[in-house]
Amino acid sequence: MRVAVVALIAMTALTACGDKAEVAPAAAPQTTAPEPIETPAVNPGKLKYLAVCQGCHGRDGQGQGSFAKLAGRPAEELVKLLRDYRAGTPVGPQSATMMPFAKALTDAEIDSIADYLAGL
Ligand code: HEC
């Protein structure tokens, strides 16, 4: 008798699971392809610049106080300066302030930041 009750409970549980599994796929019929979502082009160099550099060099790279203007300068020049800082080669008297920020950058990040700044 006890075995029959256990079997009955087990069958009830299995049946309940089966019902749920059948309902789920039918709940999301897809008749037409979804509209593509328009996202603005994200410039990785700009994002990185705004996240890391603008606090010192200014919102638009215009420079402020002793922090150099970077906007509109040739990308190759900026790449060379950033690689020098990253390598630990001093550029100016305050290089120690700048080096940690350059050391955190990859080659690709240096290139994209330089392209972004050159285009301002
Ligand atoms: C804490 C402030 C600070 C931050 C943040 C900072 N810099 Fe600098 N940066 C400096 C200082 C100070 C110098 C001048 C260092 C020297 O004397 O060589 C400098 C110099 C530079 C130079 C060389 C300018 C020249 O004409 O010699 C470049 C290029 C530069 N920074 C780019 C960046 C970029 C790109 C970032 C973000 C990844 C950044 N900086 C973040 C303070 C900062």
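Start with the ligand: the shell of residues around it divides into 15 nonpolar, 6 polar and no charged. Keep in mind as you look that this is a predicted model. Of the 21 residues around the ligand, the ones that come nearest are C53, C56, A68, G92 and Q94. Where does the largest share of the shell come from? Helix 2 is the supplier there, with 5 residues. Helix 3 (75-87) and helix 4 (95-103) join helix 2 (44-57) in each giving at least two residues to the shell.

Now zoom out to the whole chain. You'll count 5 helices and 0 strands, so to speak a plain run of α-α-α-α-α when read along the sequence. Of its 120 residues, 14% count as buried. If you take the contacts with a separation of 6 or more, 58% of them are between residues 24 or more positions apart.

One of the helix pairs is worth a closer look. Two packed helices are described by the angle between their axes and the distance between the axes. For helix 2 and helix 5 (residues 107-118), the angle is about 90° and the axes are 7 Å apart. Angles of 65 to 115 degrees count as roughly perpendicular, and helix 2 and helix 5 are therefore roughly perpendicular to each other. On the helix 2 side, the residues that meet helix 5 are P44, G45, K46, K48 and Y49. Facing them from helix 5 are E109, S112, I113, D115, Y116 and L117. By class, this contact brings together 5 nonpolar, 2 polar and 4 charged residues.

Helix 5 has another role in the picture, in the core. In soluble globular proteins, nonpolar side chains tend to be buried together. The largest nonpolar core here has 13 residues, and L78, L82, Y85, I113, A114 and L117 touch the most other members. Helix 3, helix 4 and helix 5 each supply at least two residues of this core, and helix 5 gives the most, with 5 residues. Two of the residues just named, I113 and L117, also turn up where helix 5 meets helix 2.

What does Y85 touch, leaving aside its neighbours within four places in sequence? Its contacts are V91, S95, M98, M99 and A102.

Finally, follow the chain into the loop between helix 2 and helix 3, where you'll find A71 and K69. Buried or exposed: which is A71? With 20 or more other C-beta atoms within 10 Å a residue would be buried, and with 12 or fewer exposed. A71 has 15 such atoms, so A71 is partly exposed. K69 has 15 other C-beta atoms within 10 Å too, which makes K69 partly exposed.

Both loop residues have partners further back along the chain. A71 and G61 are 10 residues apart in sequence, but their C-alpha atoms are 4.7 Å apart in space. Not counting residues up to four places away, A71 touches D60, G61, Q62, L117 and L120. One of these partners, L117, is the core residue you met in helix 5. For K69 and H57, the separation is 12 residues in sequence and 6.5 Å in space, again C-alpha to C-alpha. Setting aside neighbours within four places, K69 is in contact with G61, Q62 and G63. G61 and Q62 are therefore partners you can also look up from A71.

Conventions: Residues are numbered from 1 along each chain as its sequence is written. This is a predicted model: local features need pLDDT of at least 70, side-chain atom pairs count only at pLDDT 80 or more; totals for chains, interfaces and linings use all residues. A residue is near a molecule or strand if its C-beta atom, placed from the backbone, lies within 6 Å of it. Helices (H or I, at least four residues) and strands (E, at least two) are DSSP runs, numbered from the N terminus. Ala, Val, Leu, Ile, Met, Phe, Trp, Tyr, Cys and Pro count as nonpolar, Asp, Glu, Lys and Arg as charged, and the others, Gly among them, as polar. Two residues are in contact if their C-beta atoms, placed from the backbone, lie within 7 Å. Axes are lines fitted to C-alpha atoms, for helices over the stretch in contact, and angles run from 0 to 180 degrees between N-to-C directions. Angles under 35 degrees count as roughly parallel, over 145 as roughly antiparallel, 65 to 115 as roughly perpendicular and the rest as oblique. A nonpolar core is a set of buried Ala, Val, Leu, Ile, Met, Phe, Trp, Tyr and Cys residues joined through C-beta atoms within 7 Å.
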